[in-house]
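Biologist: Could you take me through the helical part of this model slowly, saying which elements pack on which and through what residues? Please keep the account connected, since I would like to follow one contact into the next.

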Amino acid sequence: MTLRLRGPRLGVGLLLAGAVGLAACTPAPPEPAARESTPPSSGPRQFTAGAPGVGDDYFPRYGNAGYDVTRYTVKIRYDPARDRLTGTTTVQATATADLSSFNLDLAGLTVRKVTVDGAPARHARTGDELVVTPAAGLPSGNGFSAEVDYEGEPAPLRNEALGSGGFRATSDGAVALGQPESASTWFPVNDHPSDKATYEFEITVPEGLTAVSNGVPVGRSTRAGWTTWKWAERSPMASYLSTVAIGEFRVTQGEHKGRPVFSAVTTKVPQGAADASIARTVEVADYLEGVFGPYPFGAYGGVVVSEPGIGYALETQSRPVYAASFFQRGENTGVVAHELAHQWFGNSVTLTRWRDIWLNEGMATYAEWLWEEHRGGRTAQQSFDAEYLGASEQLWRVAPGKPGPENLFSSSVYRRGAMTVHALRTTVGDRAFFEIVRAWGADRRDGNATTADFVAFAERVAGRQLDALFDAWLHGTERPERPAPR
Ligand SMILES: [Zn+2]
């Protein structure tokens, strides 16, 4: 994510907030996961309720325990005139505990019917949790399929982190995105990045409007004044990276390296810098591919929206969404480099828990520095020096390795995160550094990881201990020593 809010202007042409007003959230101990299954030999199975949280120490109620989703099929119809969404979502999952019931995250909306493996299931709501009780228990290790019919007037989340998490109506349609959560406002979901899955979307909107989502466009059909747009994201995706944008767009389609390119710029802004910047997506992706290894997804593209509530860009998988304000002053490929770098760092290799957010934002910000150097601007070393010398005391006080939920998107996570990446490069040398970032993407592709995983991996590739370096840069609350360039 890149923020464009009031704050100090950075040389790279982005505006970052010093500290964003994240909804206050008191970390609580992780909720216990559903009880392990009893081996059949030692007596009858004990089926218990799946916990309503996956155990993230920053956001204990995010996601749910007891199952692992493999695939979502999300079919929605949205009528902008009535701000009404009607949906059927099928969740294919595997039980990881003997479940008597399980939860899905669903904010607002009214559930009409739930079936599990085709049989009617009981359902109840507790806040933004949908509790599903199938007719029979779900044994650990077995696959199951839950289908949920629902409808209502969708709304962004009340505890949204950046003033925009979730599905919102716009003057010409709607847009859904947001980090760290947003998906539960338009489909029932295990809403935590630790449970990645593939997705199919069928978005039905009034004929004449565009509905763009993640992944590959797989067809479009119109009947009785309604057009259904079909999309498939075939690489595992974290739920916060899902998106849909409905409205009037200038659409550009093409192909690059055998993959479809699909970009859409809102017609609310005149053709110009936004279109020109997004058109350079594949050029930026090719540059990053040279640094980070093969582009990890099956499609390219970008979406530009102009909505008062959306003042940021988000790396929604294979098709980032950008606020039009990023392009107000002309072409801006820095933000494109940031969101595309996330396709490797954040999307293909995804956080296991939100406290490790610097892994995403530090590397994406560092990619902006690399891109700027590649274009003949400041070198990465010069960007580091400017940040290191110019950083405020506040930036050194927030440890990017444990920023706290209230500072999840603070300046430290981005800028000190990028400085951490450069400090690693300076310490291990270019050869080991670029081997680390390339091999990391290959080793963890389509998976999840923690900071500890990254540190261990970097140590293995570099062949040396690096804990003192990472401790000082990620966990210290004072300015670390400037690493001496080798
Ligand atoms: Zn970012």
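Modeller: In this predicted model, S277 is placed in helix α1, which spans residues 273-279. With a relative accessibility of 0%, under the 20% limit, S277 counts as buried. If residues up to four places away in sequence are set aside, S277 touches F327, E331, N332 and V336.

The zinc site comes next. Its ion has as protein donors M1, through both N and O, H338 and H342, each through NE2, and E361 through OE, at distances of 2.0 to 2.2 Å. Along the sequence these donor residues follow the spacing M-x336-H-x3-H-x18-E. H338 and H342 are 4 residues apart in helix α3 (residues 334-344), so that about one helical turn separates them. In general, an α-helix has 3.6 residues a turn, so residues three or four places apart point the same way. Both H338 and H342 are buried.

The donor E361 also takes part in the contact of α4 with α7, to which α4 brings W358, E361, G362, M363, T365, Y366, W369 and L370, while α7 brings V413, Y414, G417, A418, M419, T420, V421, H422 and R425. By class, the residues of this contact divide into 10 nonpolar, 5 polar and 2 charged. The axes of α4 and α7 come within 7 Å and cross at roughly 70 degrees, and the two helices are therefore roughly perpendicular to each other.

Helix α4 also meets α5, residues 380-390, and the axes of these two helices come within 8 Å, crossing at roughly 130 degrees. That angle makes α4 oblique to α5. On the α4 side the contact involves Y366, W369, L370, E372 and E373, and on the α5 side A380, S383, F384 and E387. The residues in this contact of α4 with α5 comprise 5 nonpolar, 1 polar and 3 charged. Within α5, the buried residues are A380, S383, F384, D385, E387 and Y388, and the elements against which the buried residues of α5 pack are α4, α6 (393-397), α7 (411-428) and α10 (467-475).

A further partner of α4 is α2, residues 281-292, whose axis comes within 11 Å of that of α4 and crosses it at roughly 110 degrees. With that crossing, α2 is roughly perpendicular to α4. The residues that make the contact are E283, V284, Y287, L288, V291 and F292 from α2, together with A367, L370, W371 and H374 from α4. Sorted by class, the contact of α2 with α4 has 8 nonpolar, 1 polar and 1 charged residues. L370 is listed in the contact with α2, in the contact with α5 and in the contact with α7.

As for the nonpolar interior, the largest nonpolar core has 142 residues, of which F102, W186, F187 and F470 touch the most other members. Helix α4, residues 358-374, gives the most to this core, with 9 residues. Once neighbours within four places in sequence are left aside, F102 is in contact with Y67, V116, L130, V131, V132, L138, F144 and A146.

For contrast with these buried positions, G309 sits in the loop between β20 (300-305) and β21 (312-313), and its 25% relative accessibility is why G309 counts as partly exposed.

Definitions and conventions: Residues numbered from 1 in each chain as written. Predicted model: local features only at pLDDT ≥ 70, side-chain atom pairs only at ≥ 80, totals over all residues. Heavy atoms only, no water. Donors = N, O, S within 2.8 Å, 3.2 Å for Na, K, Ca; no water. Buried < 20%, exposed > 50% of the residue type's maximum accessible area, 1.4 Å probe, protein only. Core = buried A, V, L, I, M, F, W, Y, C linked by side-chain atoms within 4.5 Å. Contact = heavy atoms within 4.5 Å. Axes fitted to C-alpha atoms, helices over the stretch in contact; angles between N-to-C directions. Parallel < 35°, antiparallel > 145°, perpendicular 65-115°, else oblique. Nonpolar A, V, L, I, M, F, W, Y, C, P; charged D, E, K, R; others polar.
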